[in-house]
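These are my notebook entries on one chain, kept in the order in which I looked things up. I began with the whole chain and then turned to single strands and residues.

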Amino acid sequence: MSDSSTLPPVRLHPEAELARDALSTPLLSRAARLARWAGPDTRVDAGGGLVDEQLPAAAEVLGLSGDDAAAHASEAWRVAVDTGLVEVVDEEEGTVAAGEDLALLTGGSPQDVLGVWLGALETVLADASVPDLDGLAEAVEAGGEIDFSSLGWDPEAEAEFLDSVLGSLYLLTVSEDGPGDTPVPLPALAASVIAPSDMEEPTNDILEQVSDAMMRLDDQFRLLEPAGLVEYQPVDEALMADAEEEPAAPVDDTDVSRYGMVRLTPLGLYGLRARLLEAGFEAPAVGDLADKGADALLDGTAAFPPGAAHAETEQWLARRPPLTAARELLSAARGSDAGAPLRRLRCQQALSLVGGEAEPALREVLDDAELGGLARVWLTEHGARDVPAPSEAMIFWLTIDTVAAQLAAEGNSDELTALVQGLAQQHSGFFTAAWRVDHPATAEVLEAMGRLHPDKRIAKEARKAAFKARSQQGG
C-alpha cells in the first residue's frame, strides 16, 4: 500500500464495545489474570520471564492443561510484562509487582483498555514473525549471536511479509466491493501479496510460493486468533499429510474452506488501523469528519466510495440543524478550482439527505451561477412550488459541472459513458453550444466525451468542440 487512496474509510465499532472485546480476548484476559496472581514469591529470570518452576502454577491459574499449557502460560506472562500489567522491581532478585497499567483494565477509559490491548498485539505480532526455531542451538555462533542465515530466516523480511498480508486483509475488508465480513480463503490472501496484479495465470513458481506462504500464515493466524485480531479456520490437517500417508478424510478439492479461512474481527480492524496510522498511512474512519466544517466534509469524502460517503455525511448531518447544515454545505461547494465540481456533487448528495426544512437555503442561491442549477434540481425533487426555470446557459453549465464531477469521482466508468451517450442523444446541437460554456473544465469534459463516445462521428464533434474551448480559454 503506497498512498492514502488505497485505503478506503473503515467503519469502526464504538470504543466501549471494542474495549469489552479486548478484555475478553484470551491473550489479554490471561495476562491480566497472571498479573493479579503474581505476588512477592513470584520469581522471574533475567529476561523477565517466569522461571520454569512457576510455570505449572501459572498454567493452573489460567485453567490450562496439556502439553502446551506451560508455553501458553509463559506467553501470557510475557504479554503481562510487555504491556506494563506486571513490573519487574528487582532484576537481581527476580521479583515482581503489579504494574501501573493493571488498574487501567478495570478503572480506565475504553481508550486506555485499547491502548493496553494494542501493546499486547505488538507482542504477539512479533512472536508470529518468528519461525519454529528447532535446532536453534546449532544455529548459535560461538559468540552467542544467532546466525539467522543458517536458519534461512530474515527477521525483517518475515515481519514485512506478515504486515503486507495483514494490510491486504484490511484493504479487502474495508473495500466496498470486497468480501466485507465474509472470511477470505487463505490461498487468495497469500496470492494477493505474492502474485503480480497483472498476472492472468499463475506460474508454477508462484503457486509454490503461495503454497509455502499458506503454511507460514496458517501457523501465524493460529497465534493471532487468541489476540482477538482474526477469526480463523485453520488449514485441514489432511492436506498437510505426507503424500504416502492416507488422508484423514476424503479430499474435496472444491471446498476452498479446507485451505484455511480468515476474517478480521471488529477489534482487529481497530488494531490494524491504529498500526497503519502509526506507520504514517492515512487510514480514515467513518465519523472522523462529523465535527469538522462542511469544507472538510466535501473535500474529505471526495475520494470515498458511495456507501462510506453516505455514512459519513449522515453522521455529519446528525449534529446540525437541517437549515444550518444546508447553508454550510452550499457555501463550501462554491469554487472554480479543479476539485470544485466533485465538491458540488458531494454537496448535492448530502442535500438529498436533508428534509424540506432546508428549502430557504436552496432558494437563497437560485441566482448563483455555480449553485443555481443544483438548487433548482433539489427544489423540484422536493416538490417545491414556483421554482424558476433555468436558463439555457445554466443548463449547459450544470451539465459540464456534473460530467467533470463524475470524471473526478469515477474516471472512465460505464456510468459516465452512458451519461455521455445520453447527453449527445438528447441535445442534437450539444457540442455547438457546449464549447462556449464558461466553466474551467469545459475543454476537459469535451475531450472526455470525445474519448468515451462509441460513435466515431459524434466523438469527432466532441474533439472539435474541445479544441474550440481550448482556443477560447487561450490554452
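**Entry 1: burial and overall form**

I noted at the outset that this is a predicted model. I looked up burial and found that 42% of the 475 residues in the chain are buried. I then took the radius of gyration, which is 30 Å for the chain, against a value near 23 Å for a compact globule of 475 residues. I recorded the span of the C-alpha trace along its principal axes as about 90 × 55 × 45 Å. For contacts with a separation of 6 or more, I found that 64% join residues 24 or more positions apart. In secondary structure, I counted 23 helices and five strands.

**Entry 2: surface and charge**

I recorded an accessible surface of about 24,500 Å² for the chain, with 49% of this area belonging to carbon and sulfur atoms. I then turned to the charged side chains: 84 are negative and 33 are positive. I also noted the distance between the centres of these two sets, which is 18 Å.

**Entry 3: the hairpin**

I looked at β1 (residues 86-90) and β2 (residues 95-98), which pair in the antiparallel sense over four bridges. To fix the register, I noted that Glu87 stands opposite Ala97 in β2. The two strands, β1 and β2, form a hairpin with four residues between them. In the turn I found Gly94, with a positive phi of about 75 degrees.

**Entry 4: the three-stranded sheet**

In what order do the three strands of the open sheet lie? I read the order as β3-β5-β4, with antiparallel pairing. The edge strands are therefore β3 and β4, since each pairs on one side only. I recalled that strands of a sheet pair through backbone hydrogen bonds, either parallel or antiparallel.

I next checked each pairing in this sheet. Strand β3 (residues 184-185) is joined to β5 by two bridges, and Val184 stands opposite Val262 in β5. Strand β4 (residues 230-233) pairs with β5 over four bridges, and there the bridge partner of Val230 is Leu264 in β5.

I then followed the side chains of β5 (residues 261-264). Met261 and Arg263 point one way, whereas Val262 and Leu264 point the other way. I noted that all four of these residues are buried.

**Entry 5: Arg273**

Is Arg273 buried or exposed? I found a relative accessible area of 15%, so Arg273 is buried, the cut-off being under 20%. I placed Arg273 in helix α12 (residues 266-278). Leaving aside residues up to four places away in sequence, I listed its contacts as Val10, Leu12, Tyr170, Ala283, Pro284, Ala285 and Asp288. For one of these, Ala285, I also took the C-alpha distance to Arg273: the two are twelve residues apart along the chain and separated by 8.7 Å.

**Entry 6: Asp386**

I looked up the backbone of Asp386 and found a positive phi of about 55 degrees, although Asp386 is not a glycine. I set beside this the general point that most residues other than glycine have a negative phi. I located Asp386 in the loop between α18 (372-381) and α19 (392-410). Its relative accessible area is 73%, so I entered Asp386 as exposed, the cut-off for that class being over 50%.

Technical notes:
Residues are numbered from 1 along each chain as its sequence is written. This is a predicted model: local features need pLDDT of at least 70, side-chain atom pairs count only at pLDDT 80 or more; totals for chains, interfaces and linings use all residues. Side-chain values use heavy atoms; hydrogens and water are left out. The radius of gyration is taken over C-alpha atoms; the globule rule is 2.2 Å times the number of residues to the power 0.38. Buried means under 20% relative accessible area, exposed over 50%, partly exposed in between (1.4 Å probe, protein chains only). Contact means heavy atoms within 4.5 Å. Accessible areas come from the Shrake-Rupley method with a 1.4 Å probe; for residues, only the protein chains shown count as cover. Lys and Arg count as positive and Asp and Glu as negative; His and the chain ends are not counted. The place of a charge is taken as NZ of Lys, CZ of Arg, CG of Asp or CD of Glu. Two strands pair if DSSP finds at least two bridges between them.
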